[in-house]
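Colleague: Please take one part of this model and describe it closely, then follow it outward to whatever borders on it. I should like a connected account that I can read beside the structure.

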Amino acid sequence: MASWNPKQYLQFADLRSRPCHDLANRVGIPHAGRIVDLGCGTGNSTEVLAARWPDASITGIDSSPAMIDAARSASPNGDWRAGNIEDWLASPDERYDLVFSNAALQWVGNHARLFPALFAHVEPGGALAVQMPCNYHTHQNRIPRELAASPKWRRWFPEGRAQEWFSYEPDFYYDLLAPLASRLDIWTSEYLQPMADAEAIVDWYKGTGLRPYLEAIGDDAERRRFLSEYLARLRPHYPARASGGVLFAFRRVFIVAYH
Ligand SMILES: C[S@@+](CC[C@H](N)C(=O)[O-])C[C@H]1O[C@@H](n2cnc3c(N)ncnc32)[C@H](O)[C@@H]1O
């Protein structure tokens, strides 16, 4: 798993946290005594949960020691655990009123197995609430895949690809969870984010989706070349608006499955 850089990730913290607020605000459970935040990162999503359910005891779990350290420094009294979601799933006693995950499960494989397994950790009356990107085929995601598979870049990507994130379209999650949940709320939102230029989009994406590519390239100069090729291919898709700047669209899928 590619490593995470808290500083790069937090650069766009306000923009990134909006879907998390939208998800948390939508969850309608009568009681949230125990909450787990899977892939809590630096604790941004955990903070949103603490504001929404101030009396809940909240555990944050993340596989990146750097992200957990940043979360612990920001909130030393929090219950932070370094660990994999996959390992956590193997503990049947870990049951919560709310199993929450914002912008993390796209990094975990085998969703057909993962989502029912997550739901099994929800207490009766509770919910599983998840938000992930839902734009696998858009330019910013397609271009690095094409570069990695091209002869020019292939030496850094022997398999023709980097380890990358993935999510399905919403109906996939509906079909998986509808037989299990008493009520299911699934929707998508496309956020249109005004940004200065295509460089700003690259900067944004360096903190998340581009990390596996940049980490696979073991040379700084080559990494810079990869980024400038990425930018050159991306730029035509983000023409300057009449009023200045570019519009960056990010589409997200939201899932709230009630036990
Ligand atoms: C985009 S960040 C989201 C952080 C936080 N939830 C937020 O909303 O700001 C994704 C996080 O998922 C974590 N992650 C990815 N795969 C994981 C796994 N298999 N187990 C635990 N954490 C994982 C990463 O370390 C990273 O901190």
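Modeller: Helix H6 (residues 111-119) lies across four strands, namely E1 (34-38), E4 (96-102), E5 (122-133) and E7 (246-258), and runs at about 145° to E5. The model is a predicted one, in which local features need pLDDT of at least 70 and side-chain atom pairs count only at pLDDT 80 or more, while totals for chains, interfaces and linings use all residues. Residues are numbered from 1 along each chain as its sequence is written, and side-chain values use heavy atoms, with hydrogens and water left out.

Helices (H or I, at least four residues) and strands (E, at least two) are DSSP runs numbered from the N terminus. Angles run from 0 to 180 degrees between N-to-C directions, on axes fitted to C-alpha atoms, for helices over the stretch in contact; contact means heavy atoms within 4.5 Å.

The open sheet has 7 strands in the order E3-E2-E1-E4-E5-E7-E6, with mixed pairing; two strands pair if DSSP finds at least two bridges between them. Strands E3 (79-82) and E6 (183-195) stand at the edges with a single partner strand each, so one side of each has no neighbour in the sheet. Direction ignored, neighbouring strands are turned by 15° against each other on average.

At the E3 edge, strand E2 (residues 57-62) pairs with E3 in the parallel sense over 4 bridges, and Ile61 stands opposite Arg81 in E3. Helix H4 (residues 65-74) packs on the sheet there, touching E2 and E3, with its direction at about 165° to that of E3.

Between E4 and H6 there is a loop that holds Ala103. Not counting residues up to four places away in sequence, Ala103 touches Gln131 and Arg252.

The ligand has 21 residues around it, of which Gly39, Ser45, Asp62, Ile85 and Asn102 come nearest; a residue is near if one of its heavy atoms lies within 4 Å. By class, this shell has 10 nonpolar, 9 polar and 2 charged residues. Helices H3 (44-52) and H5 (85-89) each supply at least two residues of the shell.

An N or O atom in the side chain of Asn102 is 2.6 Å from an oxygen atom of the ligand. A polar side-chain atom of Ser45 lies 2.9 Å from a ligand nitrogen atom, and a polar backbone atom of Ile85 is 3.0 Å from a nitrogen atom of the ligand. The protein covers 97% of the 600 Å² of accessible area that the ligand has on its own (Shrake-Rupley method, 1.4 Å probe).

Definitions and conventions: Polar contact = N/O pair within 3.5 Å; in protein donor to acceptor, adjacent residues only side chain to side chain. Nonpolar A, V, L, I, M, F, W, Y, C, P; charged D, E, K, R; others polar.
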